[in-house]
Amino acid sequence: MSMVYEIGFAWASIVAYAFASALSVIGLFFDKEKVRMWAVRGASAGLCVHSVSIVIRWIRIGHGPYIGFYEVASLLAWLSVAMLLWLVWRYRTLSSAGVLVLPIAFLIMGASLLVSKEAEPVTGGLASYWLAIHVLFANLAYGSYVGAFYLSAVYLLREYGHDRRWASVLDKVPPQEEMDGLTYRLVGAGFLFQGVMIASGAIWANESWGRYWGWDPMETWSLIAWAVYALYLHLTLTRGWRGKRAAWVAVVSLPVIVFSLIGVPVVYQSIHGAYLKM
Amino acid sequence: MIRVRRRLWALVRSRRLAVWLIGGITVYAMLATLIPLGAAESPDVQVWASAHPVLERFVAATGMHLPFRQPLFVIASVLLLVNTAGCSWERTVGAMRALGRGGRLTPGILTRLNEAPTFTVRIEGDTSSALHAVARVLRESRQRSVVGPKALTSFSFIPGFLGSPLFHWGLVAIFLFVGAGQLTRSEGYVDVVSGGSVVENEEAYLGDGPLRGPLFGGYTGLTISVTDVERGATIDGIARGDVPTVRVQDGGVILAEGRVYPNNPLSVGSLVIHRKDSGPGMRGTLVVPGALNTLPFEVPFPGDVMEGTVQPRTIRTTLAGEEVVIELRPIKGARVAVRILSPKTLSTGSATAGEGESAKLPGGMVLTVDELTSYARLTVVNDWSVPYIYAALVLASIGMTIGLVWPPREVYARVADDTEGRTRVNVVVIARLSDPAYALSLRRRFDAESGMEVEAT
């Protein structure tokens, strides 16, 4: 019975995200702040019911949302919306960023509900407290990088779209330098969290398989993603890349981390493949 | 010569070089993931090679099936290590220099305050009250200030200055210990039938790091025994598969013993034993006409009998001066199929035997199945560097955390003039390399204070 509620709440969150997506697009292109705020309220409602769905499943199956494509995709969508709402709470004028986030969250949730929702048991190599540590920091890293992506995308929209009809919406967004600074801090935080994720993964791999690093595609790509953000930090801090250039690096870096989280197990044969079974 | 050394030192700690090396290694790693990794004879490599014959010629020639052992990658990694060490040293010196200033206004900072301040603030009040107001605003952004008669110096949390150096030195340590560990580690696997044992020696290992012998000499010679294999064990409510109980002994002294399963290896010093696989095994004896004694043997059989994937194994002996190869294969019904593979003159027909039974073989040989049991394949790794790598990871994480939470900032303020009840204060902010937006946020804080106004620049 609780699986019915779990799926029901998940579908309710998709409806809420879809509703919020539509409102955010309308609010942006017709410059209606009230409509954009209703989009934020819709996203908040979606996040609440989405949280209920995750918690019901967690209680039902006895582990967190980190095994199988359904759980991983659902959590990534949750993190994307949660980071958007945090930024809007901090800077109300960033509500226009919803147009970037909500359609993607809606699509990810939709995709997750098309695959198997059977719970994968925590057995064998997965049965370790390192799993929770590793996944926690992976999610914190993703959330931070997604926030950096939003801010950079809004930065670039304002830089390149200043003569567009909807550009006036972005007038009230925090100053470019402030967004640049906050992007840097979010990337820094994500870099730290991802470093801990990689370290905990290596320690766990040594406990589970007898080697801390094996150049498995998942391991290699997590290092690649970390190196990409290391490049952002070096270019920003030591080569003086600020503003548009830094924003572009933050924007094109996000697909790398997303690919390393959910693309690699789909594309490559990986020892980590079990965690993203469809 | 001094010029050469200076240029070399500048290159070693060059940030541009760091960017190029990180970027280059990243692209190389991306390309490497497009090609299956492994030795030429591995199944994945062979399948890929036959599907891409033209590409395979290039890949094989460049060794890209083992990309992370190629000289290009190794050299780039060593260069990155040297560059990181250079940067670490530079950051350490910079941090020490900043801390060594101890709140003094050096000539360089005085010049900047007088000629090129970051910004200037007009504050209502005399010199003393203006500087104390500046100190108050700085306190709100977690800066600690020392107020003098005409100037003020302010530092962020002191350990924050060590965050970046600590992180970079942690990276250097990781590089060094990983490299040293890879050069000296031994890794392999042993198949041990339940009730049997093997000695940790050269035969147990698939490969050693090239410096293992010169630095560490031979092997431990410890005895690794499997006293029991519990099939389909459930431990702490979780299915763990087949779980062997492993014992490590030095002569008659038991050094360690315990059940081995994923996330629960057995460790003795730097020697770590994991469970890799398990399957049926047998213990038996072979009587060969003309031999002085019966020949006991133990044989593991990788695979699964019920699923039909079990792999046969062979034992060898000598009969009338000729080598005899006997194949053994467990079959359903708890029996073992026995046949002679060579010489051809003896390879007529086959026999089966259950536990406690004997099979008569051509040539007068008799094979007895003493026990049908299980075996465990154990991975054996001897790598002294692992705890040091963990320590370096912790060091780097602490450094990163400190650098992020308490970015090092210095703020210097000096009274430019004091007229008509208003004081102009020049402010220099040093935080660009660690906190690029700080100067701007500080400027906004001052502007937001009543009685203060930041002059337009």
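This dialogue concerns the cavities in a predicted model.

Reader: How many cavities of 30 Å³ or more does a search of the whole structure find, and what makes such a space a cavity?

Author: The search finds 2 cavities of 30 Å³ or more; each is called a cavity because it is a set of points where a 1.4 Å probe fits but cannot get out.

Reader: What is the volume of the largest cavity, and which residues line the largest cavity?

Author: The volume of the largest cavity is about 70 Å³, and its lining consists of Ser53(A), Ile54(A), Arg57(A), Trp58(A), His63(A), Pro65(A), Tyr70(A), Glu71(A) and Ser74(A). Helix 2 (33-61) and helix 3 (69-90) of chain A each contribute at least two residues to that lining, with helix 2 of chain A giving the most, 4 residues.

Reader: Why are 2 residues in the lining of the largest cavity called charged?

Author: Asp, Glu, Lys and Arg count as charged, and the lining includes Arg57(A) and Glu71(A), so these are the 2 charged residues, beside 4 nonpolar and 3 polar ones.

Reader: How much space lies in the second largest cavity, and which residues line the second largest cavity?

Author: The second largest cavity holds about 40 Å³ of space, and Ser152(A), Tyr155(A), Asp180(A), Thr183(A), Tyr232(A), Gly243(A), Ala246(A) and Ala247(A) line it. Two or more of the lining residues come from each of helix 5 (129-160), helix 6 (176-209) and helix 8 (243-267) of chain A, and helix 8 of chain A gives the most, with 3 residues.

Reader: What makes Gly243(A) polar in the count for this lining?

Author: Gly is among the residues that count as polar, so Gly243(A) belongs with the 3 polar residues of this lining, which also has 4 nonpolar and 1 charged.

Definitions and conventions. Residues numbered from 1 in each chain as written. Chains lettered and ligands numbered in written order. Predicted model: local features only at pLDDT ≥ 70, side-chain atom pairs only at ≥ 80, totals over all residues. Heavy atoms only, no water. 1 Å grid on protein atoms, 1.4 Å probe; cavity = no way out; pocket = protein on both sides within 12 Å on 5 of 7 lines; lining within 4 Å. Points joined across faces, edges and corners; volume = space filled by probe spheres on them.
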